[in-house]
Structures are given as structure tokens and as C-alpha cells.
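Reader: I'd like to go through this one with you, question by question. Can you put it up?

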Amino acid sequence: EAKRQGRGRACAFDARLDEDVRLRRRIETGLSQAIARDELSMVYQPIVTGARHEIVGFEALLRWQTEDHGPISPAVFVPIAEETNLIHELGDWVLERSLAALATWPGQYVSVNFSPRQFRRPHFVDDIAQKVAAAGIAPERVQIEITETAIFDDADRAAETLDRLRALGFRIALDDFGTGYSSLYNIRTFALDVLKIDRSFIDGMPRERESMAIVRSIIHLAQSLGLGVIAEGVETRAQVDLLRVAGASHLQGYHFSRPVTPEAALDLAHRRWLSPVRPVATGTQG
Ligand code: C2E
Ligand code: MG
Ligand code: MG
Ligand code: MG
């Protein structure tokens, strides 16, 4: 009896594994056709200053709308693309779209996510420099977001890549900061401009003392090292207030705006401020 039960369980487990593998294959096949089928799009989420909530940049985020399964999250499909060469095709598409959007904005920068495999590709620096130059865009207006995974494997090579990007004028942001491996080692060793404090820490504010303490420490550390910070996933007024007191230089999250279409982003870029938050009037009333 016990044996039969055991076998039954093993079969159920196998079936689930099978289903996972099938799902991955379907995603892979679907992704390889997504560009041609016009199923991909970009959305842009404002990044605002901590003090006055001025929109100074936008993070570019990829979206995939499938015919059969509706929208699929990049948190699901990017890792699958990352395991194949598909990530390069997607990445090129993302960069091209992001630069085109940026070209229409009055002064903001675009912050583009690059996966570890893109970052480690030979000619990564030359490729991006060439594309940015061809679009007539100053590298200072492009922020490159990488995670700690991207620099972890081959530290020497990563350091060299980052130095070259920096020398060309690109900004470098370390994404999901605090969740990766040996974070302190990374900020000591690599040429960075900005730490993006992972959403999981902001999410714990103000409930958890530990999250509060970690966020304050990261901000303090960034200030001491002359780095900027972007607090990710700011959803509440209480978090905004606490982050202001803690001295966070930049904020990003649903409290200010969800990621929006290119048209809406252009509109926000021209307005520069997110209502109802407005800058303190400094000139005559208009
Ligand atoms: P990420 O780079 O850390 O992006 C931030 C994620 O947090 C985005 O999810 C964004 O929509 C979400 N977010 C922003 N504010 C809030 C908030 O207040 N509350 C909550 N709950 N979420 C918030 P998204 O767009 O689903 O992207 C997930 C991840 O997929 C990204 O994490 C990034 O790692 C990856 N990804 C997205 N687009 C690209 C891309 O073009 N290239 C690469 N390589 N990866 C991408
Ligand atoms: Mg990011
Ligand atoms: Mg992030
Ligand atoms: Mg993340």
C-alpha cells in the first residue's frame, strides 16, 4: 500500500516537471516569434528626486502580450530568454526602443536593464556605444542597470567593462541592491554611480525595524561613497516621508507612477512633475 502511494506521488511529481518543461519550451518558442508578431512593447516608469519629486529619468521595462496566454511577466520570460541566445535579440530591441523614446524627452535619462549574459557578451561596450552614438544621444543620458549576478562571476572582466562604460560617460546603476552576493565587496570594487535599493527592503518600511535600519544604512553608505541611491517600489506616503528623512536622493514606485506607455511617458517628461505633488513655487504666481 505504502509502495503504491509512493509511486503515485512520484508520478504526480514527474507530471508536474513535464508540465514545467513544456511551459518553458512554449515560452521559448513564443518569445522567438514575439518580435516578428509585434507582441513586445516598452513601458517607462518615472524616477523622481527625493526632495522635490521632479522626474529626472525613466526606467525602461519590457512587456510581452501573447495571443494565447495574455501578458507574461518579464520576471518569468527574461530568465528563460537569458538561458538562450534570445536575450540578445530582445536586448537589442529594448535598447533601440528605449533610445528612440529618450530622443523625444526634454532632458531626462533612460535607465535600461541588462541581464548578466548581455553584460558579459564580447563587444558589449562597443555595441552599446555605437548604438547610442548612431542615435545621436549623449551617453550621460543612458543609465545601465545591472545586477550583482552580472559582476559576480568574473570580477576582473566586469571591472574592466564598467570602467570602459564609465569612461564613455554612461551611468551605472546596481539594481536590486542588497539581495545579491557580497554587496559590500561589489560597491568597493566596481565603478558605479547609483545603488538601487531593492523593493523588498522598502516594502518592509515602516513595519520592520530591520528593513528600516538596512535602508538607512544603504543611504548613509551611498552618501559616504559619493553614490546616488534610487529607492525602488515606493508605494506609500509613509515610505516617501521616511525616505526623505533618511536622505534618499531618488525614488521610484507606484506611489508616484506605474510604468506607463511611451505616449504617457512623453507627456510626463514634458510636465516634469507628478501631480498632486508639486514643487514649492519659487517665482511669481502663474
Ligand atoms: P527590476 O529591474 O528590478 O524592475 C523593477 C520592477 O518593479 C518592475 O517590474 C516594476 O514594474 C516593478 N515596480 C516598480 N514600482 C513598483 C511598486 O511600487 N510596487 C511593486 N510591487 N512593483 C513595482 P517588471 O516590469 O515586472 O520587471 C520585473 C523584472 O524583469 C525587472 O526587475 C528586471 O529584472 C526584468 N526586466 C524588465 N524589463 C527588462 C528588460 O528590458 N531587460 C532585462 N534584461 N530585464 C528586464
Ligand atoms: Mg531595473
Ligand atoms: Mg530592481
Ligand atoms: Mg527586481
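Reader: Let's start with E232: does it count as buried or exposed?

Author: Keep in mind that this is a predicted model. The relative accessibility of E232 comes out at 10%. The cut-off for buried is under 20%, so E232 counts as buried.

Reader: And which residues are the protein donors of the magnesium ion (ligand 3)?

Author: Along the chain, the donors follow the spacing D-D-x55-E. They sit 2.1 to 2.4 Å from the ion, and E232 is listed with two OE entries. The residues are D175, D176 and E232.

Reader: How many residues apart in sequence are the parts that D176 and E232 tie together?

Author: D176 lies in strand β6 (residues 171–177). E232 is in the loop between β8 (228–231) and α11 (237–246), so the pair ties together parts of the chain whose separation in sequence is 56 residues.

Reader: Now the other ion: which residues coordinate the magnesium ion (ligand 2)?

Author: The donor spacing in sequence reads E-x53-N-x31-E-x29-D. The distances run from 2.0 to 2.3 Å, and the residues are E59, N113, E145 and D175.

Reader: Which residue bridges the magnesium ion (ligand 2) and the magnesium ion (ligand 3)?

Author: The two ions lie 3.8 Å apart. One residue coordinates both, and that's D175.

Reader: Away from the metals, which helix holds D18 of the negative surface patch?

Author: The patch is formed by D14, D18, E19 and D20. D18 is partly exposed, at 46% relative accessible area. Its helix spans residues 2–34 and is α1.

Notes:
Residues numbered from 1 in each chain as written. Chains lettered and ligands numbered in written order. Predicted model: local features only at pLDDT ≥ 70, side-chain atom pairs only at ≥ 80, totals over all residues. Heavy atoms only, no water. Donors = N, O, S within 2.8 Å, 3.2 Å for Na, K, Ca; no water. Patch = residues over 30% accessible without salt bridge, like charges linked within 9 Å, V, L, I, M, F, W, Y side chains within 5 Å. Areas by Shrake-Rupley, 256 points an atom, 1.4 Å probe, with all protein chains shown as cover. Salt bridge = Lys/Arg side-chain N within 4 Å of Asp/Glu carboxyl O. Lys, Arg positive; Asp, Glu negative; His and termini not counted. Charge placed at Lys NZ, Arg CZ, Asp CG, Glu CD. Helix = DSSP H or I, 4+ residues; strand = E, 2+ residues; numbered from the N terminus. Buried < 20%, exposed > 50% of the residue type's maximum accessible area, 1.4 Å probe, protein only.
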